[in-house]
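Q: Please look closely at one part of this structure and explain, step by step, how its pieces are placed and joined.

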Amino acid sequence: MSEPHVQRALRLGTRRSRLAMAQSGQVADAVRRVTGRPVELVEITTYGDTSREHLAQIGGTGVFVTALRDALLSGEVDFAVHSLKDLPTAQPDDLALAAVPKREDPRDVLVARDGLTFTELPEGARVGTGSPRRMAQLNGYARSHGLSIETVPIRGNVDTRIGYVRKGELDAVVLAAAGLNRIGRIDEVTDFLPVDMVLPAPGQGALAIECRAANTAEDAHLVAALSELDDPYTRGAVTAERSLLAALEAGCSAPVGALADLLGDGQTVKEMRLRGVVGTTDGSTLVQLSTTGPVPETYDQAMALGRELAAEMLAKGAAGLMGERAH
């Protein structure tokens, strides 16, 4: 006979933003399928959601994660869904990263007035983004292609950001494709920025499903059930990207872009390529390198790929750029 607690609804901790609710809802559906248990969403308000300060001043995107993790550790929720790019690179011992589901489109996109692409923007166009990583690469691309743009720091949710363009305050804003996909607004994109132009944030487009570490039978059961949603290729890729980030000691306010992708002949995956970029926000100095190797089969191999590329980037001058980090 099954124990009665097995059918208790699993409580999924989520931020309240429309994007967080959308991606948590999608995960909740998947968890219902693999566990056969009901899942209820528990909204957690974080300081990052209510503060109007710049993210770098309130501790970076980690502020979104802390409140969800506190709710997990207190037993208020059973598991939580994060945007992987928000997670600090060090994983706490008492929490398990149970699953990294298959990644969405990792690219950045442009939402511009009048349907413009990036290269069609007028001289001196005002382009909004809250990300030093995007600023560094957009300014670097503009410099090397004889374009003139002004990057404008902005915050706020997707509605707020696109609103700046609709109201005519900005010529364009840069957002993540994955977020717009998840809330059904991808049709507003006027240009998909190729990764050769702007490398995404480490882990961009991927979600992290976190729960308490397997210290009790119930927690162990949940870790095992959630792990069915894990995509090993995505996990290997984001592990390499985050290892690069950690080795560059970047913290989330430093302009670091990274993307690991799989190379193959269409039939079989042969290798993993990891690309990294770090630069000054004005785009005057960018250090970009890539490395290709066997697809990592273990966590340690994926970590090593990231560390090796970081060491090369530091040797090529990235170390001198790290002074821009917000402390």
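A: This account concerns a predicted model. A suitable place to begin is a pair of charged residues, Arg-103 and Glu-241, both of which are buried. These two residues form a salt bridge, with their closest N and O atoms 2.9 Å apart. Arg-103 lies in the loop between β4 (95-99) and β5, whereas Glu-241 belongs to helix α8, so the pair ties together parts that are 138 residues apart in sequence.

Helix α8 covers residues 232-247, and Thr-234 is found there too. Thr-234 counts as buried, because its relative accessibility is 6% and the limit for a buried residue is under 20% relative accessible area. Leaving aside residues up to four places away in sequence, Thr-234 touches Val-100, Pro-101, Lys-102, Arg-103 and Ala-206. Arg-103 therefore appears twice in this region: as a contact of Thr-234 and as the salt-bridge partner of Glu-241.

From the loop that holds Arg-103, the description may pass to strand β5. Strand β5 is part of an open sheet of 5 strands, in the order β7-β6-β8-β5-β9 and with mixed pairing. The edges of the sheet are formed by β7 (149-152) and β9 (191-192); each has a single partner strand, so one side of each is left without a neighbour in the sheet. Within the sheet, strand β6 (residues 125-128) and strand β8 (residues 172-176) run parallel and are joined by 2 bridges. Gly-128 stands opposite Val-173 in β8.

Two helices lie across strands of this sheet. Helix α4 (residues 132-144) lies across β5 (108-112), β6, β7 and β8, and runs at about 175° to β7. Helix α5 (residues 158-166) lies across β5 and β8, and its angle to β8 is about 155°.

Helix α4 is also linked to other parts through its side chains. Arg-133 and Asp-108 meet in a salt bridge, at 2.9 Å from N to O. This pair links distant parts of the chain, since Arg-133 is in helix α4 and Asp-108 in strand β5, 25 residues apart. Both Arg-133 and Asp-108 are buried.

A further link of helix α4 involves aromatic rings, and the structure holds 1 aromatic pair. The ring centres of Phe-118 and Tyr-141 are 5.9 Å apart and the ring planes stand at 65°, so the pair is edge-to-face. Phe-118 sits in the loop between β5 and β6 and Tyr-141 in helix α4, 23 residues apart, and the pair thus links distant parts of the chain. Phe-118 is buried, with a relative accessible area of 1%.

Helix α5 has a salt bridge as well: the side chains of Asp-159 and Arg-185 meet at 2.3 Å, N to O. Asp-159 lies in helix α5 and Arg-185 in the loop between α6 (177-182) and β9, so parts that are 26 residues apart in sequence are tied together. The two partners may be set side by side: Asp-159 is partly exposed, with a relative accessible area of 43%, whereas Arg-185 is buried, with a value of 12%.

These salt bridges may finally be placed in the whole structure, where a search finds 24 of them. Elsewhere, Arg-8, Arg-11, Asp-78, Arg-212, Glu-218 and Asp-219 are linked in a network of salt bridges.

Technical notes. Residues numbered from 1 in each chain as written. Predicted model: local features only at pLDDT ≥ 70, side-chain atom pairs only at ≥ 80, totals over all residues. Heavy atoms only, no water. Pairing = 2+ DSSP bridges. Helix = DSSP H or I, 4+ residues; strand = E, 2+ residues; numbered from the N terminus. Contact = heavy atoms within 4.5 Å. Axes fitted to C-alpha atoms, helices over the stretch in contact; angles between N-to-C directions. Phe/Tyr/Trp six-rings, centres within 6.5 Å; stacked < 30°, edge-to-face > 60°. Buried < 20%, exposed > 50% of the residue type's maximum accessible area, 1.4 Å probe, protein only. Salt bridge = Lys/Arg side-chain N within 4 Å of Asp/Glu carboxyl O.
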